[in-house]
Structure formats: structure tokens, C-alpha cells
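Reader: I am new to this structure and would like a close look at a single part of it. Please pick one spot, say what surrounds it, and work outwards from there.

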Amino acid sequence: MTTADRPRQGLRPAFRHWRARRPFWGGLLLALGGGWILLTEKASLKVVLHIGMQGLAGYLLPGLMLLLGLLILFNPAQRLFYSITGVLLSLGTWVTSNLGGFFIGLLLGVAGSCLAFGWLPDQEPRLGRRGRRARKQAKSADGADLTKV
């Protein structure tokens, strides 16, 4: 019986299966970057900048970043468009939103967009060091048996 045929037990394995089929970390980082920039817009600091029509762009760009992060999570088929738009919006917050949320939101948004752009849906899971070592030993054992025959 394969893992796909086996019924999932519990909430954690179901979440891990859902997370494995989408660019989870990219979407999460992009959404966190947008949320961080929105929080810095509301900060009670003397350094807060508002440029444009009453700071409309300062709220619009991070709001769209937050939306794109959620769209990457729930609609991964369109991740390329969302990630390219996300990186452009993240870079645009440099001018409109307190230097991109004092660099933190900008860096989170760019990193998340790059992760989402580079995610491949049909790639096999990577093996850890132990898995690679076991595979290498199994191949060498099979090769040794064939040479003796």
C-alpha cells in the first residue's frame, strides 16, 4: 500500500501533505512581509513617512503583498505571476512605506517571492544525508553481487 492510498491520521499529517503541494514558505514570507510593512505604517514613531495621496500607496502596496502571499498559498498554479508581482511590489515599498518596513518587510517580501518563483511542483523530495548514504550502500551492494556472478 502506498502512502497516497493510506488514509491520513490526524491534523498534522494532513497539514504536512497540504504544505508539501505548494510553495508554502514563499507565500508565508511574502504575506509576513506585507503584514510587517502594514504594522510599521501604524507605528507611533517620529520617523514615519507618508508620500503620495495621504499615504495611499503606503497602504496599497503592502496590502497587495499580503494578498499575493495568500494567493500563492491557496492558488499555487499561478505562482509565477504572483511571485513576479510580489517582488515588484516589495521593491516599490522602499519608496512608499517607510523604507520597506525599515528593510525587514522588504527583505521578507523579496525572499518569499524568490522562493515561490523557484518552487517546482513535481520534484521528488530531497533525501537527507542518511538517505543518500543508505542509497549509495544499497547500490554498491547490488553492484558487488553482480560482479561476483
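Author: W25 is exposed, because its relative accessible area is 51% and the term applies to values over 50%. The model is a predicted one, and every value here is computed from it. W25 belongs to helix 2, where it is one of the residues that touch helix 6. W25 also belongs to a cluster of aromatic rings, in which ring pairs link it with F15, W18, F24 and F74.

The rings come next. Seven aromatic pairs are present in the structure as a whole. One of them joins F15 and F24: the ring centres are 5.7 Å apart and the planes stand at 85°, so this pair is edge-to-face. The reason for that label is the angle, because planes over 60 degrees apart count as edge-to-face. F15 is partly exposed, its relative accessible area being 37%. F24 counts as buried, with a relative accessibility of 13%. F24 also pairs with W25, again edge-to-face, with 5.1 Å from centre to centre and 80° between the planes. F24 therefore takes part in two of the pairs, one with F15 and one with W25. In this second pair a buried ring, F24, meets the ring of an exposed residue, W25.

The helix that carries these two residues has several partners. Helix 2 covers residues 24–41, and its axis comes within 7 Å of the axis of helix 3, residues 56–74, with a crossing angle of roughly 160°. That angle makes the two helices roughly antiparallel, since the label is used for angles over 145 degrees. The crossing of helix 2 past helix 3 is left-handed. On the helix 2 side, the residues that meet helix 3 include F24, G27, L28, L30, A31 and E41; on the helix 3 side they include G58, Y59, P62, M65 and L73. Sorted by class, this contact holds 13 nonpolar, seven polar and one charged residues. F24 thus appears both in the ring cluster and in the contact with helix 3.

W25 turns up in the contact with helix 6. Helix 6 spans residues 104–118, and it packs against helix 2 at about 160° with the axes 7 Å apart. Here too helix 2 is roughly antiparallel to its partner, and the crossing is left-handed. W25, G26, L29, L30, L32, G33, W36 and I37 form the helix 2 side, while the helix 6 side includes I104, G105, L108, G112 and A116. The classes in this contact are 11 nonpolar, six polar and no charged residues. L30, G33 and I37 are on the list for helix 6 and also on the list for helix 3.

Two residues show where helix 6 leads. V110 lies in helix 6 and counts as partly exposed, at 21% relative accessibility. In sequence V110 and G26 are 84 residues apart, but their C-alpha atoms are 9.2 Å apart in space. Residues up to four places away aside, V110 touches V87, S90 and L91. The other residue, R79, sits in helix 4, residues 79–96, and counts as buried, with 12% relative accessibility. Beyond its neighbours within four places in sequence, R79 is in contact with P23, A116, W119 and P121. A116 is also one of the helix 6 residues that meet helix 2.

Helix 4 has a contact with helix 3 as well. Their axes come within 9 Å and cross at roughly 155°, and the two are therefore roughly antiparallel. Helix 3 passes helix 4 in a left-handed crossing. Among the residues that meet are A57, L61, L64 and L71 of helix 3 and Y82, S83, T85 and S90 of helix 4. This contact divides into 10 nonpolar, eight polar and no charged residues. S90 is named here and also among the residues that V110 touches.

Last comes the chain around this part. It has seven helices and zero strands. Of its 149 residues, 28% are buried. Among contacts between residues at least 6 apart in sequence, 76% join residues at least 24 apart.

Technical notes: Residues numbered from 1 in each chain as written. Predicted model: local features only at pLDDT ≥ 70, side-chain atom pairs only at ≥ 80, totals over all residues. Heavy atoms only, no water. Axes fitted to C-alpha atoms, helices over the stretch in contact; angles between N-to-C directions. Helix = DSSP H or I, 4+ residues; strand = E, 2+ residues; numbered from the N terminus. Parallel < 35°, antiparallel > 145°, perpendicular 65-115°, else oblique. Left-handed = near helix turned anticlockwise from the far one by under 90°. Contact = heavy atoms within 4.5 Å. Nonpolar A, V, L, I, M, F, W, Y, C, P; charged D, E, K, R; others polar. Phe/Tyr/Trp six-rings, centres within 6.5 Å; stacked < 30°, edge-to-face > 60°. Buried < 20%, exposed > 50% of the residue type's maximum accessible area, 1.4 Å probe, protein only.
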